[in-house]
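Q: Hi! I'm new to this one and would like a friendly tour. Could you put it up for us?

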Amino acid sequence: MIEGEGRSEVSKALGLLVCGTLVYYHCAYRNSTILSLFSDVLIVLLCSLAILGLLFRQMNISVPVDPLEWQISQDAANSIFAWLANTVGAAESVLRVAATGHDKRLFFGVIVCLYILSAIGRLVSGATVAYAGLCVFCLYMLAENSQSIRTCVPQLQRQRNGTIVEDDNM
């Protein structure tokens, strides 16, 4: 993996964690609706853009790209919707097989997962579960792209297999 890609993934994970924290705070802690969150975000963005526009005009800086002229390509739109259709189709296929009962192991696995989700839903709010899942996902992304963890894992695997390698630098 290229060094810049790892930093990009780490920054995405941190950005996702910060956004998730703000959404959780706004919706769960403040007991606000998602519509209130979207309106607050829109107001902050519009005010920020207005202040930046005034600042750029005062400093005689021209903006090189007009966001009103941005367009998404047809290929990008097709690939996004193809991915979405494939994901929904795969989930529907798995649930159909589980519902028919032909695969008993899958059927009982789905029942256990739904029961666990039901029990968790009775204990905590959905926003808390979603935020915890987001945190776990972000930690996974950080751990997978962290250079120190990437160098430690092979050493741990060698120790577990019984082949401890001495380091010559000591």
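Q: Thanks! Let me start with one residue: how accessible is C113, in relative terms?
A: C113 has a relative accessibility of 47%, so it counts as partly exposed. Do keep in mind that this is a predicted model.

Q: And what about C19, how accessible is that one?
A: C19 is partly exposed too, as its relative accessible area is 48%.

Q: While we're on cysteines, how many disulfides does the structure hold?
A: The number of disulfides is 0.

Q: Okay, let's zoom out. How many helices and strands does the protein have?
A: There are 6 helices and 0 strands. Going along from the N terminus, the order of elements reads α-α-α-α-α-α.

Q: How much of the protein counts as buried?
A: Of its 170 residues, 9% count as buried.

Q: And what share of the contacts comes from residues far along the chain, say 24 or more positions apart?
A: Taking the contacts with a separation of 6 or more, 51% are between residues 24 or more positions apart.

Q: Nice, can you show me an example? Where does L142 lie?
A: L142 belongs to helix 5, which covers residues 126-145.

Q: Which residues is L142 in contact with, apart from its neighbours within four places in sequence?
A: Those are V10, A13 and L14. Take A13: it sits 129 residues away from L142 along the chain, yet their C-alpha atoms are separated by 6.4 Å.

Q: What about A143, where is that?
A: A143 is in helix 5. The C-alpha atoms of A143 and V10 are separated by 8.9 Å, with their positions 133 residues apart along the chain.

Q: How accessible is A143?
A: A143 has 30% relative accessibility, so it counts as partly exposed.

Q: Switching topic: how many salt bridges are there?
A: The count comes to 1 salt bridge. The side chains of R96 and E92 form it, with a nitrogen-to-oxygen distance of 2.3 Å.

Q: Where do R96 and E92 sit relative to each other?
A: Both are in helix 3, which spans residues 74-100, and they are 4 residues apart, so about one helical turn separates them.

Q: Are those two buried or exposed?
A: In between: R96 is partly exposed, with a relative accessible area of 47%, and E92 is partly exposed at 38% relative accessibility.

Q: Since we're at helix 3, how do the axes of helix 3 and helix 4 cross?
A: They cross at roughly 105 degrees and come within 8 Å, helix 4 being residues 104-123. Helix 3 and helix 4 are therefore roughly perpendicular to each other.

Q: Which residues make that contact?
A: From helix 3 there are V94, V97 and A98, and from helix 4 there are L106, F107 and V110.

Q: And how do they divide into nonpolar, polar and charged?
A: The contact of helix 3 with helix 4 has 6 nonpolar residues, no polar ones and no charged ones.

Notes. Residues are numbered from 1 along each chain as its sequence is written. This is a predicted model: local features need pLDDT of at least 70, side-chain atom pairs count only at pLDDT 80 or more; totals for chains, interfaces and linings use all residues. Side-chain values use heavy atoms; hydrogens and water are left out. A disulfide is a pair of cysteine sulfur atoms within 2.5 Å. Buried means under 20% relative accessible area, exposed over 50%, partly exposed in between (1.4 Å probe, protein chains only). A salt bridge is a side-chain nitrogen of Lys or Arg within 4 Å of a carboxyl oxygen of Asp or Glu. Helices (H or I, at least four residues) and strands (E, at least two) are DSSP runs, numbered from the N terminus. Axes are lines fitted to C-alpha atoms, for helices over the stretch in contact, and angles run from 0 to 180 degrees between N-to-C directions. Angles under 35 degrees count as roughly parallel, over 145 as roughly antiparallel, 65 to 115 as roughly perpendicular and the rest as oblique. Contact means heavy atoms within 4.5 Å. Ala, Val, Leu, Ile, Met, Phe, Trp, Tyr, Cys and Pro count as nonpolar, Asp, Glu, Lys and Arg as charged, and the others, Gly among them, as polar.
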